Structures are given as structure tokens and as C-alpha cells.
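Fancy a few warm-up exercises on reading a protein model? Have a look at the structure first, then try each task before peeking at the solution.

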Amino acid sequence: MIFAIGCSFGQNPIIRNQFSADPSARVFGDRVYVFPSHDILATKDRGRQGWFCMEDYHVFSSDNLTDWTDHGTIVQQHKVPWVKPDSYSMWAPDCIERNGKYYFYFPSTVKDSIIDGRGFTIGVAIADKPEGPYTPEPLPIARVRGIDPNVFIDKDGQAYLYWSAGNIFAAKLKDNMLELDSEVKTLGELPTKGLKEGPYVFERNGMYYLTYPHVENKTERLEYAISDNPLGPFKITGVIMDESPTGCWTNHHSIINFKGQWYLFYHHNDYSPRFDKARSVRVDKLNFNADGTIQKVIPTLRGVGITKATDDIQIDRYSNISEQGASIAFLDSLNTFKGWKTVFNKSNGWVQYNNVDFGKKRLKSIIVKVKSENGGTLEIRGNVVNGPVIAEVSIPKSTDWKEIRVPLTKFESNNLNLFAISKNDNEIEIDWIKFE
């Protein structure tokens, strides 16, 4: 197994080395594991150009929602006995633990249409550890046709499988987690118009939540229905997240409780704004009202987790931004995985970046990776836009990136919200800031 180097990604998107979508997040022990699908770009030789293209799965994990590790590939299309090896249809998966084993559920196109029928079905791979290695079962689950598997184990130990294919379906699973143990039920209390898919079920305070993407208008939004039974009937209740403001056609999600806080994992086309079949996983906090209904989640760039002051702080993943004088752009439009930069072009333009941990050891200076053809001045303030000045950075004229180091004028311990503020009208580009 090849392990990638973990990096600090306490911002959205959380996966920075590849396209990723359809995140199934699970808490195993004291870590969060995310099992997404893996978007790649189709070519004339692989997949269908202009469409979703997926050939394998990775798993990622974190113990703080800030530092994420890529544990590498766990399942590949050409190594699953029943999967058509060039189908590029390894769509949204799920994973769950039972009796010390980890069961990874995934859809794909069958190899032998004479034996297994046409289209998508769902198979299972099994491992002794969340990060694998996983061994695929030789055959898919009998009597299941569709995509987007989701597994829920109730408090009484009964496991359920949910999936979609026009409608959303559900059935009990046997204890072996590999076979259905009931008739397939269509969950028919859901919207009848517009595509619905991607079911994800969880329980809270005796209430069962069936959550799903649904095209109410033009693109998918995340909705939910509630019941007192895992198989329904469900009552349509509300919207978890509105349609993408930038037109990303799909959204697909999971919901977990980690260390007392609920989180929504979902996706957006951050690295590919002009092509929404290349998506990236995000996470934001999710909260409930007193009656158990879900408060609508507003997508953020800042995401969740605490950033160490001594790490590179990507202020382009802002918590808030001024109405004018500040904007965000790709560092390299031809290689978007290099990330973003903050561009100031008006005096008092600012960005706010929340939750920076300065610790208790005194920090003495700030480093800013910056360039400005005409030079300028940048202020770093704490907690509010007119708060105490932590540092003032004089930026020299340069058309190349420079790392400018200046002493702090004030040191604040513990957690701070930071404001970066331009003090003139010259254009200033910032890649990151950090303290030492």
C-alpha cells in the first residue's frame, strides 16, 4: 500500500491531489475516513468524453479534520472479477464496519451481461483495516440493480442497504453483509418529479433521516425526509443545502457526528469551474434545531478544523471577504491543483480567515508569499477588521513571488480570527501567510 504525504487542508476542498466526489465519511475509532469516488478526465481512449469517468477508489483519513492523509488506491475496476474492466463507472461508494471487518460497497457496470444483466449493480470488497487492503467479492449482490449504495446499521444490529435507480430502494442485509435478507422496498414517499439519488441514512434521538440529492429545479440540491423506522414511511421535511450557486449539476453527501459535532461532507467543482464532471470533496458543520429538523448548511471555503499559525495559511479559503477590493483567482489556470491566490486592488480591501491556533509559545515574525508590480502595504489584524495590528508588511515592487518576513508588532496566544487588509490601491497578490 502506498501512502501519500499528509498535508494541512483545514479548508475546502479537503482533497487537494486529485478530483474527488460523492464522499462517504465514517468515524472508525478516533479518526474520520472518507471514501469518495475518484473523477478523472475522459479521453478518446478511456471513458466517454464529456461525461463522468472513474476507474478506482482511494481512502483518506484525519484525526482532526485539518490534516488529511491519502492512503492510496483500495479498489480498481480491472481487479474486480465482475466489473467490466474498461467501464470507467466506479461511481459513489460507501463503507461500514461490522465485527472487526470493513465492508466497502461500490457500484459499477457488469462484465457479463448474459449472466448478470445490463447496467449497474453493486458489489462488496472486504478488509481488516479501514485503509485496506480490500479484497473484492467475486460476484455482486444478488437482486440489486442501481448505483449509490449506502449501508446503515441500526441500534438493534440490523443492517440495511439503500441504493438508487430512478427511485430510492432499500432492503435488510443478512449478518454476512453480502446478501439481502428481505424483499426490496421502493421508498415511495419521496418527490416524484426530478431526479433523486445518492441516499444516505442516519439515526439521531430515535429519528431516522433519509437524505438524498434531488433535482427540484435545474441542478441537485440536498434534501431529507424523516421516519420512525429505517424502511419508512418517510415524510419529506426540508432542504439541507441549496443548489450550487455556480451551476455544478451534481451534489452527493454523507453526514457524521465526530467529537460531538455533526458534519456534512459533499462535493463541488472547485478545481474545475467550467466542467462539473470533475469535482472535489468539501466539509462544513451541520446543526439541528430543537425539534430535530436540520438547519440549512451554507457552503464555505474556510471549511472546518483549526489551522496552526505556523502552517501555510491559505487566506484565499476565506471565512469572509470585503464587498470590493479583494478577490480570488487560480495561481495557474492550466494546473488548478496548484490552488488559489488572493488579489487585493483597492485600499481597505480585506479577507477574514477564522480559527488560527497561535499556541502558547511566543511567535516573533510573519512570512508572506506575495508579489506586487507596484508594491504596497498589508496589515494583519486580529479578531475584527479594526482589531489590534499583529503585523504590518511593506511589500516591495516585484513581478516574481517573494517571501517577505517582518517582525510581529503584537503577539496573541490561543485561537484568533485573522484579517488581511490592503492599505493602498496597488494590486497585491498573496499566495499564503504563516507565522514563526
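Below are four exercises on strands, sheets and a cavity, and the model they use is a predicted one.

**Exercise 1.** Work out whether strand S30 (residues 415–422) is largely enclosed or open, and find its partners.

*Solution.* Start by counting residues with under 20% relative accessible area, the cut-off for buried. Six of the eight residues in S30 pass, so the rest of the structure largely encloses this strand. Next, look for bridges. Strand S25 (residues 350–357) is joined to S30 by six of them, and the two run antiparallel. To see one, go to tyrosine 353, whose bridge partner in S30 is leucine 418. Then turn to strand S27 (residues 376–382), which pairs with S30 over five bridges, again in the antiparallel sense. Here arginine 381 has phenylalanine 419 of S30 as its bridge partner.

**Exercise 2.** Do the same for strand S8 (residues 120–127): how many of its residues are buried, and which strands pair with S8?

*Solution.* Burial comes first again: seven of the eight residues are buried, which leaves S8 mostly covered. Now for the pairing. Strand S7 (residues 101–109) and S8 share eight bridges in the antiparallel sense, and proline 107 finds its bridge partner in isoleucine 122 of S8. Strand S9 (residues 135–136) also pairs antiparallel with S8, over two bridges. In that pairing, isoleucine 126 sits opposite threonine 135 of S9.

**Exercise 3.** Put the strands of the open sheet that contains S10 in order, and name its edges.

*Solution.* Follow the pairing from strand to strand. You get four strands in the order S10-S11-S12-S13, with antiparallel pairing. An edge strand pairs on one side only, and that describes S10 and strand S13 (185–186). Zoom in on S10 and strand S11 (residues 159–165): five bridges hold this antiparallel pair. One spot to check is asparagine 150, which stands opposite tyrosine 162 in S11.

**Exercise 4.** Find out how many cavities of 30 Å³ or more the structure holds, and describe the lining of the largest cavity.

*Solution.* A bit of background helps. Rolling a probe the size of a water molecule over the atoms shows where empty space is left. The search turns up one cavity of 30 Å³ or more. The volume of the largest cavity is about 60 Å³. Its lining has 13 residues, and Pro93, Pro149, Pro199, His252 and His253 are the closest to the centre. Strand S2 (21–28) and strand S10 (147–153) are the elements that each give two or more residues to this lining. Finally, sort the lining by class: five residues are nonpolar, five polar and three charged.

How values were computed. Residues are numbered from 1 along each chain as its sequence is written. This is a predicted model: local features need pLDDT of at least 70, side-chain atom pairs count only at pLDDT 80 or more; totals for chains, interfaces and linings use all residues. Side-chain values use heavy atoms; hydrogens and water are left out. Buried means under 20% relative accessible area, exposed over 50%, partly exposed in between (1.4 Å probe, protein chains only). Two strands pair if DSSP finds at least two bridges between them. On a 1 Å grid over the protein atoms alone, a cavity is a set of points where a 1.4 Å probe fits but cannot get out, and a pocket is an open set with protein on both sides within 12 Å along at least five of seven lines; lining residues have an atom within 4 Å of a point. Grid points are joined across faces, edges and corners, and a volume is the space filled by probe spheres set on the points. Ala, Val, Leu, Ile, Met, Phe, Trp, Tyr, Cys and Pro count as nonpolar, Asp, Glu, Lys and Arg as charged, and the others, Gly among them, as polar.
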